[in-house]
Amino acid sequence: MDKDFKICFNFLFPLLILLILAPVSIGQLVPSETIILFQVQKFLEYPQVLQGWTNWTNFCYLPPSPSLKIVCSNSHVTELTVIGNKTSPVHSLKPITSQNFAVSKLTLSKNFSIDAFFTVLTKLSNLKVLSLVSLGLWGPFPAKISRFWSLQVLNVSSNFIYGEIPQNIVSLKNLSSLILADNLLNGSFPDLKSLKQLQEVNLGGNNLGPNFPSLGNSLVIIILSNNSLRSVIPSGIKNLNQLQQLDISSNKLIGPIPSALFSLPSIQYLDLAQNQLSGALPTNISCNSKLKFVDISHNLLIGKLPSCIASNSPNRTVISSWNCLSGGKNYSFQHPFSFCHKEALAVKPPESEKQKSTIKLGLMLGIIGAVVGIAGVLGLLILVIVRRSQTSSGNFDKSIADKLSVRNSPISTIDSRRVPQTMRSATIGLPPYRVFTLEEIEDATSNFDTMNFMGHGYQGQLYKGWLRDGLMVLIKCVKLKQKNLPQSLVQHMEVLSKLRHLHLVSVLGHCIVTYQDHPRTASSTVFLVLEQISNGSLQDYLKDWRKKDVLKWPQRMAITIGIARGIQFLHTGVAPAIFGNNIKIENVLLDESLTAKLSNYNIPLPSKVGSESPLYGQDSINAEKEDVYQLGVILVQVITGKIVTSPSELEELKIQLEKGLAESPLKLQAMVDPSTRGTFAYESLRTTVKITINCISKELSNRPSIEDVLWNLQYSNQVQEGWTSSGNLGTQL
């Protein structure tokens with residue numbers, strides 16, 4: 001008996017120990033995350049590395065391979081690494097940029113939505129490592145990345161992700177490795193200095209720039225090669241005491257090489273090749289003994305190499321060819337001194353010229369200051385005289401600015417006092433308004449390349465473009481021909497600069513090219529530079545079942561309120577008011593945070609010869625009520641989830657909504673988009689339906705003002721928020 005017990009004990013005890021000590025990652029994955037992994041497989045269009053998964057697959061037990069690794073902890077996925085075999089933009093046979101990108105065999109299909117994909121991925125809330133490499137991902141970099149609150153490693157290299165890196169990536173406070181190499185990213189670098197845990201940054205093979213990024217002092221590896229850097233190397237790089245590898249090759253960096261780079265305490269690899277770095281390196285600099293590789297070739301360096309990198313050493317590789325260096329073993333592979341001198345002057349203006357321009361600028365500012373001062377005194381004197389004269393007659397009831405506004409806009413229905421201050425300043429995150437040159441417009445559109453042509457908009461042709469700072473924009477080309485055109489354009493440009501609002505695709509600037517056809521007639525092309533919103537339209541969201549599911553009732557209320565605020569701004573936020581704004585569901589764009597922005601609205605410009613400007617020549621009451629009617633059509637589609645394609649469809653839906661209001665709550669709820677059921681308060685729904693029916697009334701007099709519409713929608717939203725805060729969201733009514 002004892003013998004049998006000993007045998008049994010010797011067999012079971014090790015097994016018991018294994019069960020006790022085994023990490024919980026070996027346990028079964030929670031069902032919701034199993035479903036998510038199958039969704040990932042579907043989104044990635046069943047790549048070879050993910051084939052073979054079945055309902056019986058235990059993902060936590062999958063053996064790791066070079067192409068796939070899934071790690072679990074506490075029954076949750078903490079690492080997801082998938083490496084495909086698709087070619088990246090850098091290694092494709094035909095060069096691909098963000099400007100000529102098109103869905104192809106190298107990418108996932110046109111049905112792929114990077115926004116929807118990351119919406120699913122972010123539900124893996126315990127992820128610490130996410131690597132999705134060479135999978136053909138395409139689309140703008142999703143701002144939802146900030147939802148990975150515990151992420152430590154992010155690697156989405158060798159894909160076709162374009163646009164700017166979202167600034168909210170800096171909210172990933174645990175991030176230690178950021179690898180976005182070999183994509184189509186452009187724009188400026190985010191400020192990464194606040195990421196104290198960050199040790200590796202690899203953003204090479206993109207089109208980021210022009211300024212050198214702000215980086216933290218804990219970095220070990222920095223790779224920014226093959227980008228669009230056009231600045232000097234910042235002096236603060238001397239503080240990177242842990243830096244081992246620095247690769248900033250193949251940019252357009254200018255100025256001298258900081259001598260401290262060669263003696264950083266941990267530096268081992270230094271690649272500065274193929275830039276426009278100039279000047280001479282100090283001969284007395286010292287090099288860190290750990291430094292094994294230095295490449296400063298193909299720059300504009302002069303003088304002699306410092307001894308620590310000039311002398312032959314079996315432990316250090318130095319490449320210095322194709323500069324203008326003198327002496328050394330690579331002297332036969334150098335340009336003449338005159339070459340570097342000429343090229344350096346081309347990329348950096350001489351100091352004497354800077355001093356001259358500074359003196360000229362100071363002189364001009366002095367003259368301008370004097371003129372402004374004299375004009376101010378005269379203006380103040382005139383204002384005092386006018387105030388006294390108008391006060392004595394008892395007729396002074398408006399400011400001088402108001403009178404000028406009314407005089408310049410004789411048939412305007414509003415004055416500037418109606419413009420709320422909050423509406424004037426609702427231009428969050430926009431660069432200052434500016435006037436562009438034709439050269440800048442041509443540069444932005446690659447000389448109006450057909451690849452950038454996006455079609456015909458409400459008032460002219462549309463092109464996508466990239467400004468020199470990397471900002472992606474939309475450029476509208478409007479051709480005009482009218483008598484006295486230059487004079488009439490001036491007042492219109494003043495209004496253009498005010499079309500900047502949170503709920504508009506705002507105007508960032510303009511360029512005017514005018515040709516004098518006749519002493520009294522001129523032809524002009526106005527290039528309007530607009531925000532580019534690339535997250536799709538409200539119509540796109542309602543047509544796609546995956547996107548539609550994101551729009552629950554609270555999100556739809558926020559969107560409709562945003563549309564109403566945008567219309568209200570056009571009606572009352574600028575003087576004179578702008579009506580007839582082509583308010584259609586396809587013209588309502590949604591940004592990454594689902595903020596509604598009106599596009600293709602009526603930008604006030606002179607029209608054809610002999611015709612009045614759309615700014616002044618409209619029946620404002622009819623035009624205002626037409627905008628309200630079009631908002632009502634959008635509301636019908638938001639409520640029902642059905643896209644309206646004809647007046648008869650709209651009338652049928654209106655009748656059904658009216659019956660639902662009159663008969664019973666259940667009847668009305670049956671009309672609502674199924675995607676929103678269980679997420680709305682009935683009173684919120686009823687209020688929204690009532691104002692919607694009024695908006696699409698056939699009688700103009702029955703249609704509410706935009707202020708009334710906005711008030712009702714905001715009331716409906718307050719009811720909804722109260723209902724949600726009571727814990728009702730997600731329960732069936």
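This is a short tour of selections to make in the viewer, with a note on what each one shows. The model is predicted.

**Aromatic rings**

Begin with F43 and F117. Their ring centres are 5.6 Å apart and the planes meet at 50 degrees, so the pair is tilted; tilted covers angles that are neither under 30 degrees nor over 60. F43 belongs to helix α2 (residues 31–43) and F117 to helix α3 (residues 114–121), so the contact ties together parts that are 74 residues apart in sequence. Are these two residues buried or exposed? Both F43 and F117 are buried.

Now extend the selection to F101, F112, F118, W138, F160 and Y162, which form one aromatic cluster with F43 and F117. Across the structure there are 17 aromatic pairs.

**Charges over rings**

Select R434 and F436. R434 lies over the face of F436, at 4.1 Å from the ring centre. Then go to K547 and Y541: here the charged end of K547 sits over the ring of Y541, 5.2 Å from its centre.

**Strands β1, β2 and β3**

Show residues 68–73, which are strand β1, and residues 76–83, which are strand β2; the two run antiparallel and are joined by 6 bridges. To find the register, select L68, whose bridge partner in β2 is V82. β1 and β2 form a hairpin with 2 residues between them. In the turn, pick N74, which has a positive phi of about 55 degrees.

Add strand β3 (residues 129–133), which pairs with β2 in the parallel sense over 5 bridges. V82 appears again here, standing opposite L132 in β3. How many of the 8 residues of β2 are buried? The count is 6, and the strand is mostly covered.

**Strands β13, β15 and β17**

Next select strand β13 (residues 254–255) and strand β15 (residues 276–280), which run parallel with 2 bridges between them. G255 stands opposite L277 in β15. Add strand β17 (residues 300–303): 3 bridges join β15 to β17, and these strands also run parallel. From A280, the bridge partner to look for in β17 is I302.

**Helix α17**

Finish with residues 682–695, helix α17. Put a distance between its end C-alpha atoms: they are 20 Å apart, which agrees with the span of 20 Å expected for 14 residues at 1.5 Å a residue. Which residues of α17 are buried? They are S684, L685, T687, T688, V689, I691, T692, I693 and C695.

Notes. Residues numbered from 1 in each chain as written. Predicted model: local features only at pLDDT ≥ 70, side-chain atom pairs only at ≥ 80, totals over all residues. Heavy atoms only, no water. Phe/Tyr/Trp six-rings, centres within 6.5 Å; stacked < 30°, edge-to-face > 60°. Helix = DSSP H or I, 4+ residues; strand = E, 2+ residues; numbered from the N terminus. Buried < 20%, exposed > 50% of the residue type's maximum accessible area, 1.4 Å probe, protein only. Lys NZ or Arg CZ within 6 Å of the ring centre and 35° of its normal. Pairing = 2+ DSSP bridges. Expected span 1.5 Å × (residues − 1).
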